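This report goes through the empty spaces of a model, then a helix, a hairpin and a few loop residues. Please keep the sequence and the 3D view open while reading.

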Amino acid sequence: MSLATDTADKPTLYKRIRADIEKRILTGEWPPGHRIPFEHELVARYGCSRMTVNKALSELAQADLIERRRRAGSFVRRPQHQSAVLKIADIRAEITALGRAYGYELIHRKLRTATTADRDRLGVKKAGKVVSITCRHSADSVPFAVEDRLIDLASVPDAATADFSREPPGSWLLHHVPWTEAEHTISAIVADDHTADALAIAVGAPCLVIDRYTWRSARTITAVRLLYPGDSHRLVARFKGG
């Protein structure tokens, strides 16, 4: 009897593979973040075709039990991260609070005279100096967010010499620069090639975007855009009625 044939008392092989993996996940044998064996390893384990394994993994992904990452494999899905909307979160502290290992990579840092686009973004009229920073935050070595930031040196001159190769700019600002007002704009995009590479997600995958502006006494401090993988992050706001 073929293993791939459905009978009244025996499910098809791909369903048995799915059930076996699902059981390991639900019993905690394979915890969140655990890497599922590669397809060729599952093919050898179950003695089936790659198409059969792929079908089982696709159904597990559709059931939100695993996530499939381009070039990295499949992993047991972690619970969605939640961030408060009405406060400025320190991403390093946020990841550490989740019990995960924080990682940081400075991708780009440049001190320059503000371009017209920089001035428009910061909402300032006078030409001055800015620091442009791109960096990536990770949790357990998995990309968590990509940050693209401008700091107005007229407001924060010390940022010109701060070592952002060691300390994330968001953490540094929260610990060194008081602010009085902030604004969050939340939107969504689909990942282009550049974003997909930076976040290790598929081209076209949804991304959550937070654009934040921070001021002190009506003077712009910084403008930052944070990009998160859309399927693993959500924002939460809780209000009290008047």
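Helix H6 gives the most to the lining of the largest cavity, with four residues. The structure is a predicted model, in which local features need pLDDT of at least 70 and side-chain atom pairs count only at pLDDT 80 or more, while totals for chains, interfaces and linings use all residues. Residues are numbered from 1 along each chain as its sequence is written, and side-chain values use heavy atoms, with hydrogens and water left out.

Some terms are needed here. On a 1 Å grid over the protein atoms alone, a cavity is a set of points where a 1.4 Å probe fits but cannot get out; a pocket is an open set with protein on both sides within 12 Å along at least five of seven lines; lining residues have an atom within 4 Å of a point. Grid points are joined across faces, edges and corners, and a volume is the space filled by probe spheres set on the points. Helices (H or I, at least four residues) and strands (E, at least two) are DSSP runs, numbered from the N terminus.

**Cavities**

By this rule there are two cavities of 30 Å³ or more. The largest cavity holds about 200 Å³ of space. Its lining has 21 residues, and those nearest its centre are Ile88, Arg149, Gly170, Leu174 and Arg212. At least two lining residues come from each of helix H4 (91–97), strand E6 (142–152), helix H6 (169–176), strand E8 (206–216) and strand E9 (219–229).

**Pockets**

The largest pocket holds about 400 Å³ of space. It is lined by 25 residues, of which Glu67, Arg69, Ile201, Pro229 and Asp231 are closest to its centre. Strands E1 and E6 each supply at least two residues of this lining, and E1 gives the most, with four.

The second largest pocket has a volume of about 200 Å³. Among the residues that line the second largest pocket are Ile107, Thr134, Asp148, His194 and Leu227. E6, helix H7 (193–199) and E9 are the elements that give two or more residues to the lining of the second largest pocket. H7 gives the most to that lining, with four residues.

The table sorts the three linings by class: Ala, Val, Leu, Ile, Met, Phe, Trp, Tyr, Cys and Pro count as nonpolar, Asp, Glu, Lys and Arg as charged, and the others, Gly among them, as polar.

| Space | Nonpolar | Polar | Charged |
|---|---|---|---|
| Largest cavity | eleven residues | five residues | five residues |
| Largest pocket | 13 residues | four residues | eight residues |
| Second largest pocket | five residues | three residues | four residues |

**Helix H3**

How far apart are the end C-alpha atoms of helix H3? They are 18 Å apart, which agrees with the 18 Å that the 13 residues of H3 (residues 50–62) should span at 1.5 Å a residue. The expected span is 1.5 Å times one less than the number of residues.

Val53, Ala56, Leu57 and Leu60 of H3 are buried. These buried residues cover an arc of only 95° around the axis, which puts them on the same side of H3. The arc is that of the directions from the helix axis to the C-beta atoms. The face of H3 turned away from the buried side carries the exposed residues Met51 and Gln62. Buried means under 20% relative accessible area, exposed over 50%, and partly exposed in between (1.4 Å probe, protein chains only).

**The E1–E2 hairpin**

Strands E1 (residues 66–69) and E2 (residues 73–76) run antiparallel and are joined by four bridges. Two strands pair if DSSP finds at least two bridges between them. Ile66 stands opposite Val76 in E2. The two strands form a hairpin with three residues between them, and Arg71 in the turn has a positive phi of about 70°.

**Single residues**

Most residues other than glycine have a negative phi. Asp140, which is not a glycine, has a positive phi of about 50°. Asp140 lies in the loop between E5 and E6 and is partly exposed, with a relative accessible area of 30%. Ser141 is found in the loop between E5 and E6; Ser141 has a positive phi of about 70° and counts as exposed at 70% relative accessibility.

Val124 is in the loop between helix H5 (116–122) and strand E5 (129–139). Val124 and Arg219 are 95 residues apart in sequence and 8.5 Å apart in space, C-alpha to C-alpha.
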